[in-house]
Amino acid sequence: MSEDVSLHISEFLNFLTDADNDYRYNYEQVNTLDKLTQDYLHDLELEDTTYKERAKLATQLRDTRRARRTHKDTVQVLTPVVDWINQNKNSINSLKQLLGSVRKEESKLQNRVYIRKVDQNVTKESTKAEA
């Protein structure tokens, strides 16, 4: 049970870090794909293209829009998590400190050794005789 405590705290903190990183990555991807969409639209508008070239551009445009939608959906799902992270930075720092304290206590428990207080050479036979 004792290792589970730090594991759960650590997993939650990792989730928050991963969510923030995923949000930033997907947000950047949405912006990049918006620009790519504009490039394709301008190519269709301004370039003299054959039917096959236009069909290829239309397919690329569709694929770009689908990819953008996937990234935008991820951003939309992660937005409340990132907002919570930004509003609760002090709590997150407290959780990090708590994790350190819990790990320290877990480490103490793993390395614990009993040091006899009375006689270092007491055997089972001598303890039975005293009782």
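**View 1. Leu13 and its contacts in the predicted model.** Setting aside neighbours within four places in sequence, Leu13 is in contact with Ile92, Leu95, Lys96 and Leu99. This is a predicted model, so please read each view that follows with that in mind. Leu13 is also a member of the largest nonpolar core, where its companions include Ile92 and Leu99.

**View 2. The largest nonpolar core.** Here you can pick out 7 residues: Ile9, Leu13, Leu16, Ile85, Ile92, Leu99 and Val102. Helices α1 (2-46) and α3 (89-110) each provide at least two residues of this core. A second core, separate from this one, has 6 residues, among them Ala19, Val30, Val75 and Val82.

**View 3. His71 and the residues it touches.** Look for His71 in helix α2, which spans residues 51-87. Is His71 buried or exposed? His71 counts as buried because its relative accessibility is 16%, with the limit for buried set at under 20%. Not counting residues up to four places away in sequence, His71 touches Tyr25, Asn26, Gln29, Val30 and Leu33. Of these contacts, Val30 also belongs to the second core.

**View 4. Stepping back to the protein chain.** The chain has 4 helices and 0 strands, and its elements follow the order α-α-α-α from the N terminus. Of its 131 residues, 21% are buried. Among contacts between residues at least 6 apart in sequence, 83% join residues at least 24 apart. The accessible surface comes to about 10,500 Å², and carbon and sulfur atoms account for 51% of that surface.

Terms used. Residues are numbered from 1 along each chain as its sequence is written. This is a predicted model: local features need pLDDT of at least 70, side-chain atom pairs count only at pLDDT 80 or more; totals for chains, interfaces and linings use all residues. Side-chain values use heavy atoms; hydrogens and water are left out. A nonpolar core is a set of buried Ala, Val, Leu, Ile, Met, Phe, Trp, Tyr and Cys residues joined through side-chain atoms within 4.5 Å. Buried means under 20% relative accessible area, exposed over 50%, partly exposed in between (1.4 Å probe, protein chains only). Contact means heavy atoms within 4.5 Å. Accessible areas come from the Shrake-Rupley method with a 1.4 Å probe; for residues, only the protein chains shown count as cover.
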